[in-house]
Amino acid sequence: MTASPVSLAVALSLVSAICYATAAVVQERTAANTASVRGALLRSSWWWAVALNATGALLHVVALRYGPLTLVQPLGALSLVVAVPLSSLVTGRRTSVTQWQGMALTLVGLTALLTVTASGNAPEDSLRAGEILVLSLAAAAVLAALIRFASDRSASGGLALAAASGISSGVGSTLAQKLAVEPTLSWSVALVAALTVAFAVAGLLLSQKAYRSGLGGPLALLTLVNPVTASAIGITLLGEGFLYGETGTLLALAGAAAAVRGVTLLSRPQPLHGHPDRSGDRDLQHADHDQPRAPHQPAPEPAPGLRPVRLLRSGAPRTGLLRPVGVDMSGTSRAI
């Protein structure tokens, strides 16, 4: 029994999502232990992440040969569902209720989008040379603006870098579809291949910097921005649309709203394992104030019948006065 093009595209996209999720966890752990992208380049773990990303990208390009952008790109959001629990397992932290809610909403939104975008046909059209040039220049301008806005020391800066990574990856996937649909040898195809590699590498480096502020929020945002970018290009320039007319459009908007809500939940900072939050500290402080203080205990008197003795260095003491010497006995200071 021969598999349909859509089934093959879905299977390839699932394996690609697993590769991307594993690579994201490795990148996040590398970013947590290095101060800059240059430092990450010197670590073998980062190159393992590069290999996983390359494998995921290759499978993704092949999937684009058998499925439309509006189908293949949203399936990449499954990497989020794999990456967040995997990161919790690697770091030893428990996945919070908020993270589970965010993943559930993201999956619900993804399911709604897939319902109205899966057409069942392999793509037959691709971008023209003029459209590729305009798209590349517009994407480069947006990336420059987001990078300029981003700051490594703020959570909003990490999200801006994640958005830039998602846009760059989405544009790269759109260009890769032309290579998959029209695998011919020409100067224009060579230019498209160079632009595809450039946007893919930019997306990888931008995601590496974005993960310095954490994994959940940046990964969720770039995972959402990526298919939104590619789907917008597919609908606007390639004539791809939603099924079921107005009903399908409303369902797609509802799915997008649910996915955005899921991203918002996942972008919230999670408390570190073993560090109570401030409310817990305040409760402990109030508990300390509510507890009665123990009365002051005076120092114990010397035992009766014992007289203080002076430790002699050499010879007799100069004066007749004898001074006690403090010695630690069982945790208390007593005069002997």
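Let's start at a glycine: Gly76 is partly exposed, with 24% of relative accessible area. You'll find Gly76 in the loop that runs between α4 (69-75) and α5 (78-91). Keep in mind while you look around that this is a predicted model. From Gly76, look across to Gly56: the two are 20 residues apart along the chain, and their C-alpha atoms are separated by 9.8 Å.

Now step back to see the whole chain. The model has 12 helices and two strands, and reading along the sequence gives you the pattern α-α-α-α-α-α-α-α-α-α-α-α-β-β. Of the 336 residues in the chain, 38% are buried. The accessible surface adds up to about 19,700 Å², and carbon and sulfur atoms account for 64% of that. As for how the chain meets itself, take the contacts between residues at least 6 apart in sequence: 77% of them join residues at least 24 apart.

How far does the predictor trust all this? The mean pLDDT for the chain is 76, and 73% of the residues score at least 70. Confidence is highest in helix α7 (residues 129-149), at 92, and lowest in strand β2 (residues 332-335), where the mean is 38. Two stretches also deserve a careful eye. Residues 273-293 have a pLDDT below 50, and beyond near neighbours in sequence this stretch has three contacts in the model. Residues 308-317 are also below 50, and there the model shows 11 contacts beyond near neighbours in sequence.

Back to the helices, beginning with α1 (residues 5-32), where Ala17 sits. Is Ala17 buried or exposed? Ala17 has a relative accessible area of 2%, so this alanine counts as buried, the cut-off being under 20%. What does Ala17 touch, once its neighbours within four places in sequence are set aside? The contacts are with Leu75, Leu78 and Ser79. The Ser79 pairing is worth a look in the viewer: Ala17 and Ser79 are 62 residues apart along the chain, yet their C-alpha atoms are separated by 4.5 Å.

Ala23 brings us over to another helix. Its C-alpha atom and that of Ala51 are separated by 8.2 Å, with the two positions 28 residues apart along the chain. Ala51 belongs to helix α3 and is partly exposed, at a relative accessible area of 35%.

Helix α3 is also the place to look for a patch of nonpolar surface. Leu8, Leu58, Val62 and Tyr66 together make a patch of about 330 Å². Helix α3 (residues 44-66) is the main contributor, giving three residues. Among them is Tyr66, which lies in this helix and is partly exposed, with a relative accessible area of 31%.

Aromatic rings come next, and there is one aromatic pair to find. The ring centres of Trp46 and Trp47 are 5.0 Å apart and their planes stand at 90 degrees, so the arrangement is edge-to-face. The two tryptophans differ in how much of them shows: Trp46 is buried, at 4% relative accessibility, whereas Trp47 is partly exposed, with 48% relative accessible area.

That leaves the charged side chains. In general, side chains of opposite charge can pair when their charged atoms come close. How many salt bridges does the structure hold? There are two. One joins Glu28 to Arg29, with the closest N and O atoms 3.8 Å apart. Glu28 is buried, at 8% relative accessibility, while its partner Arg29 is partly exposed, with a relative accessible area of 30%. The other salt bridge links the side chains of Arg128 and Glu131, at 3.3 Å from N to O. Here Arg128 is exposed, with a relative accessible area of 54%, and Glu131 is partly exposed, at 21% relative accessibility.

Notes:
Residues numbered from 1 in each chain as written. Predicted model: local features only at pLDDT ≥ 70, side-chain atom pairs only at ≥ 80, totals over all residues. Heavy atoms only, no water. Phe/Tyr/Trp six-rings, centres within 6.5 Å; stacked < 30°, edge-to-face > 60°. Buried < 20%, exposed > 50% of the residue type's maximum accessible area, 1.4 Å probe, protein only. Patch = residues over 30% accessible without salt bridge, like charges linked within 9 Å, V, L, I, M, F, W, Y side chains within 5 Å. Areas by Shrake-Rupley, 256 points an atom, 1.4 Å probe, with all protein chains shown as cover. Salt bridge = Lys/Arg side-chain N within 4 Å of Asp/Glu carboxyl O. Helix = DSSP H or I, 4+ residues; strand = E, 2+ residues; numbered from the N terminus. pLDDT = per-residue confidence, 0-100. Contact = heavy atoms within 4.5 Å.
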